[in-house]
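Student: I have a model to go through and want the reasoning behind each label. Can we take them one at a time?
Tutor: Yes. Bring up the model first.

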Amino acid sequence: MTPRRAVVAIPPSYNQDQSLELYSTANYLKHLEDNGVSCVMTTAGTSQFNFLSSSEIHQFNECVCNNFSGEKIIGIPPVSSFQAADFADHASQFYLDSNSRLMALYPDRFYDQETLIAYVESICDVTGSGIYLHAQKMRSGISGEWNYTADILNRMCLNGDLVGIKEEHSSLQQSYDFVNHLNYNLDVIVAGGSMRRFQFLEPAGANAFLSGIGNLFPNIENRFFDADDKERKEILNKESRFFDVFMKIGWHRSLREALKIMNLTCLNDRNPWPECSMSTNKELTQIIEGIKTDGR
């Protein structure tokens with residue numbers, strides 16, 4: 001059975017000259033492991049794949065694999081089938097270990113299921129094992145938007161190409177119906193709301209969530225799984241206060257600034273990236289200090 005757990009997405013850090021900086025990333029990973037985190041992830045958004053070259057993404061992924069002994073879900077940038085297969089081959093040869101799985105992100109608009117399935121298969125043909133899929137909505141090639149459906153993911157699961165997903169439906173009710181129809185063997189990591197979203201979707205079959213407050217204070221999320229109703233309520237209230245501030249400023253912007261404030265990682269940014277004002281920094285510092293005062 002796939003374990004219930006929080007999954008921490010890792011952001012990259014940069015030097016003052018905006019070159020990739022890996023020393024603090026390695027230390028951050030050790031900090032997470034020392035504080036009970038069992039699974040980390042590199043992913044297109046938080047890990048800023050659109051700011052990194054292919055070579056830099058490999059360097060970043062290798063740093064994550066080499067400096068965290070637990071489970072790693074390692075992202076592939078949204079590129080063509082040929083490039084994704086080449087990326088997977090390099091990763092498999094040089095840095096993936098027995099605790100690592102790759103995660104793909106489809107690079108284009110949705111036209112039909114067969115093309116999407118073939119994309120995942122082209123990666124699995126190289127790895128020789130199933131992968132994760134970043135199941136975020138995408139533009140439809142015909143019109144509007146397209147969300148992943150349970151039937152297409154179940155097909156890939158049954159043929160051995162898919163072991164899990166990062167789920168990102170925008171509607172909670174749609175998300176519940178979607179997760180409820182997924183193959184029970186899939187590792188379902190819900191994103192966008194962390195513990196509160198997980199609490200709603202766990203009865204439907206979700207078993208993990210992408211960290212929020214746990215990026216800074218892992219012990220808070222670790223306690224959530226085995227907490228009684230009273231403690232869960234206290235933890236969720238703390239998460240709500242945290243998100244009230246972070247979401248108002250912008251999640252990724254707040255996360256990077258907070259990690260810098262706590263001297264964990266994200267020492268500098270790579271442009272284009274919005275600078276935080278002194279007032280924004282003060283607001284983030286206040287909520288961080290407030291959580292510390294409450295206890296981890």
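Student: Why is Trp251 called buried?
Tutor: This is a predicted model, and the value is computed from it. Trp251 has a relative accessible area of 17%. Buried means under 20%. Therefore Trp251 counts as buried.

Student: Where does Trp251 sit, and which other residues there are buried?
Tutor: Trp251 belongs to helix H10, residues 251-261. The buried residues of H10 are Trp251, Ser254, Leu255, Arg256, Glu257, Ala258 and Leu259. They pack against strand S2 (13-14) and helices H1 (23-34), H9 (229-249) and H11 (278-294).

Student: What makes Trp251 and Phe242 an edge-to-face pair?
Tutor: Two values. The ring centres are 6.1 Å apart, and the limit for a pair is 6.5 Å. The planes stand at 70°, and edge-to-face needs over 60 degrees. So the pair is edge-to-face. By the same pairing rule, the model has 16 aromatic pairs.

Student: Is Phe242 buried or exposed?
Tutor: Buried, because its relative accessible area is 1% and the cut-off is under 20%.

Student: How do you know that Phe224 is buried?
Tutor: Its relative accessible area is 0%. Set that against the limit of under 20%, and Phe224 is therefore buried. Phe224 is found in helix H8, residues 218-224.

Student: What surrounds Phe224, leaving aside neighbours within four places in sequence?
Tutor: Its contacts are Met195, Phe198, Gln199, Phe209, Arg232, Ile235 and Leu236. Take Ile235: it is 11 residues from Phe224 in sequence, with 6.9 Å between the C-alpha atoms. Phe224 also forms one aromatic cluster with Phe198, Phe209 and Phe225.

Student: Why is H6 called oblique to H7?
Tutor: Helix H6 (residues 172-180) and helix H7 (residues 194-201) pack at about 50°, with axes 10 Å apart. Roughly parallel would need under 35 degrees, and roughly perpendicular starts at 65. The angle falls between those limits, so H6 is oblique to H7. The crossing is right-handed.

Student: Which residues make that contact?
Tutor: H6 supplies Leu172, Gln173, Ser175, Tyr176 and Val179. H7 supplies Arg197, Phe200 and Leu201. By class, that contact has 5 nonpolar, 2 polar and 1 charged residues.

Student: Why is Gln18 called partly exposed?
Tutor: Gln18 has 27% relative accessibility. Buried stops at 20%, and exposed begins over 50%. The value lies in between, so Gln18 counts as partly exposed. Gln18 lies in the loop between S2 and strand S3 (20-21). Its phi is near 75°, a positive value in a residue other than glycine.

Student: And what makes Asn263 exposed?
Tutor: Its relative accessible area is 62%. Exposed means over 50%, so the label follows. Asn263 comes just after H10, in the loop between H10 and H11. Its phi is positive too, near 55°.

Student: Which peptide bond is cis, and what is its omega?
Tutor: The bond joining Asn271 and Pro272 is cis, with omega about 5°. Pro272 is found in the loop between H10 and H11.

Technical notes
Residues are numbered from 1 along each chain as its sequence is written. This is a predicted model: local features need pLDDT of at least 70, side-chain atom pairs count only at pLDDT 80 or more; totals for chains, interfaces and linings use all residues. Side-chain values use heavy atoms; hydrogens and water are left out. Axes are lines fitted to C-alpha atoms, for helices over the stretch in contact, and angles run from 0 to 180 degrees between N-to-C directions. Helices (H or I, at least four residues) and strands (E, at least two) are DSSP runs, numbered from the N terminus. Angles under 35 degrees count as roughly parallel, over 145 as roughly antiparallel, 65 to 115 as roughly perpendicular and the rest as oblique. A crossing is left-handed if the near helix is turned anticlockwise from the far one by less than a right angle, and right-handed if clockwise. Contact means heavy atoms within 4.5 Å. Ala, Val, Leu, Ile, Met, Phe, Trp, Tyr, Cys and Pro count as nonpolar, Asp, Glu, Lys and Arg as charged, and the others, Gly among them, as polar. Buried means under 20% relative accessible area, exposed over 50%, partly exposed in between (1.4 Å probe, protein chains only). Rings of Phe, Tyr and Trp (its six-membered ring) pair if their centres lie within 6.5 Å; planes under 30 degrees apart count as stacked, over 60 as edge-to-face and the rest as tilted.
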